[in-house]
Amino acid sequence: MNSRFLKNIIFLLFINLLVKPFWILGVDRTVQNLVGDANYGTYLAIFNFSYLFYIILDIGLTNFNSKNIAQNNQLLSKHLVGISQAKIILSVVYFLVIFAIGIIIGYNQEQLKLLAVVGLNQVLLSFILYVRSNISALLLFKTDSILSVLDRVLMILICSFLLWSGLFPQSNFNIYWFVYSQTFSYIITLIIAIIIVLKHSGKLVIRFNLPFILMIIKKSLPYALLVLLMSFYNRLEPVLIERILPKDISAAQAGIYARAYRLFDAGNNISYLFSVILLPLFAAVIKKGEDLQTLVKQSFSLMLSMTCIIAVVCIFYSHNLMELLYHIQENESIEVYNMRIHESSKILQILMGSFVSISVTYIFGTLLTANGSLKQLNIVAAIGVVINLTLNFIFIPIFKAQGAALTSLIVQFATCLIQFIIAKRVFNLRLGISFWLSLLSFLVLITVSTIFIKSSSINWFYSFILSIVAGIVIAFITKMLDFKELKSLISSSVQHIKK
């Protein structure tokens, strides 16, 4: 396994596991409990709506830049100026588009006000990700890893002060406090990231170069189309729930979906970190003509081991997790509360299947992106959009939020399978029969062990932890993970972190 990938993915996972679960399951969850399902559901729908058009802010510049700078470090200073100017222009276009479409689809004045702040946050985030793409392309993974959680650390500090300092009544907390804390955190993170990049870029010549900007945009368009299509089939569900269902239940259903989606998103954020490191690594290895087999196979094995354990355990303990995270709201009957918990737990079970599928695409989709196989990826993504829209318009009116989750599962599995087949053919990947037998035995054993442990008389929380530990042990027994390899990896990673 590529040692540099292993060292940095462990460090990246370590600091993200320290920060992001607390943000998502602590702060973000508390905010939803305080403001209610309807208000949070409206926020989530508007957030995902703004994200659908995120591609206008980036048009593939970040992926293009990460691949290009990883292979041509000397272009950093030239691209930094030109791409930054392009992104400023694109930000203006982005605001015009989201407000125009928001008005067309019927957003009221209050929803447009929230859209303005959420849209600003998307602009700031797009700049952060672009600046970070330069840092990761220079293979400064430790620095990029720290920046990947800095905004969340700042948000945790701000929201914790607002929520739990005692200086502000929790009853006064509203969704705007939440989004404003994100704005401030993004601004601070962006400033720090820019300072770091400027230290490595050398002297910058700042001048408006329209031909260069147009050239960069033209080269980025294939990436832009890919991100646009993937955004639609990855983020469309909450928007469609809020728009398709009757107004008296749409916001609440979006909120119920958000409760289960939060755990899915927490896991997805961790899986996404693989692609952040793998894209420049894959690009560099492909350019040098080095062997990809080991890096692909081991990253795939590690991803599957991690995601399958999480998915299986969450499926069997879904109801317990929902009860743990979400309590009965003020003036809510126990019958209504139980109904919400039941709906959310069912949605979580379905989304965990989506979680495994989308995590695998972070391996093979990233590999194809690094290779420049964008035509194939765009065709796959277009298929995903068609399936998503078709099934959502069928399932949501019938099954409500659960219909959206079912659509997500079908779409993510289909696109994952197609990307794997394409990558296998393009790179002539050979995982071997022994790998698939190990995977099959791993899945069977963790399912059986989880069922057995859950059926015991042990308190559910302790049995939940025990199920995870059992899954990790089984991963080693079935050779999905190798003890000697990880022992050496952890040792080298500790030395790397100390440096």
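This is a short walk through one protein model, from the overall fold down to a few residues.

Okay, so keep in mind that what you see here is a predicted model. The overall picture is simple to state: 17 helices and zero strands. There are 499 residues, and 56% of them count as buried. If you take the contacts between residues at least 6 apart in sequence, 86% of those join residues at least 24 apart. As for the outside, the accessible surface comes to about 21,400 Å², and carbon and sulfur atoms hold 68% of that.

Let's stay on the surface for a moment. There's a nonpolar patch made of Leu324, Ile458, Phe461, Tyr462, Ile465, Leu466, Val469, Val473 and Ile477, with about 820 Å² of accessible area together. Which helix gives the most to it? That's H16, residues 460–477, with seven residues. In general, an α-helix has 3.6 residues a turn, so residues three or four places apart point the same way. Val469 is one of the patch members, and it sits in H16. Its relative accessibility is 41%, so Val469 counts as partly exposed, since that class runs between 20% and 50%.

Go past the end of H16 and you come to the loop leading to helix H17, residues 483–498, and that's where Lys479 is. Lys479 has a positive phi, near 70°, and is not a glycine. Is this lysine buried or exposed? With a relative accessible area of 62%, Lys479 is exposed, because the cut-off is over 50%.

Another lysine with a positive phi is Lys400, near 60°. You'll find Lys400 in the loop between helix H13, 374–399, and H14. Lys400 has a relative accessible area of 35%, so this one is partly exposed.

Now H14 itself, residues 401–427. You can do a quick sanity check here: at 1.5 Å a residue, its 27 residues should span 39 Å, and the end C-alpha atoms are 39 Å apart, so the two agree. Right after H14 comes Asn428, which has a positive phi too, near 50°.

Last stop, the inside. Glu242 is in helix H8, residues 210–244. Here's a charged residue type to look at closely: what is the relative accessible area of Glu242? The value is 9%, so Glu242 is buried, as that falls under 20%. Its side chain makes a polar contact with the side chain of Arg243, at 2.7 Å. Leaving out neighbours within four places in sequence, Glu242 is in contact with Ala45, Tyr107, Gln111 and Ser250.

That's my tour, thanks.

Definitions and conventions
Residues are numbered from 1 along each chain as its sequence is written. This is a predicted model: local features need pLDDT of at least 70, side-chain atom pairs count only at pLDDT 80 or more; totals for chains, interfaces and linings use all residues. Side-chain values use heavy atoms; hydrogens and water are left out. Helices (H or I, at least four residues) and strands (E, at least two) are DSSP runs, numbered from the N terminus. The expected span of a helix is 1.5 Å times one less than its number of residues. Buried means under 20% relative accessible area, exposed over 50%, partly exposed in between (1.4 Å probe, protein chains only). A polar contact is a pair of N or O atoms within 3.5 Å; within protein, one must be able to donate a hydrogen and the other to accept it, and residues adjacent in sequence count only if both atoms are side-chain atoms. Contact means heavy atoms within 4.5 Å. Patches are made of residues with over 30% relative accessible area and no salt bridge: like charges are joined within 9 Å, nonpolar side chains (Val, Leu, Ile, Met, Phe, Trp, Tyr) within 5 Å. Accessible areas come from the Shrake-Rupley method with a 1.4 Å probe; for residues, only the protein chains shown count as cover. A salt bridge is a side-chain nitrogen of Lys or Arg within 4 Å of a carboxyl oxygen of Asp or Glu.
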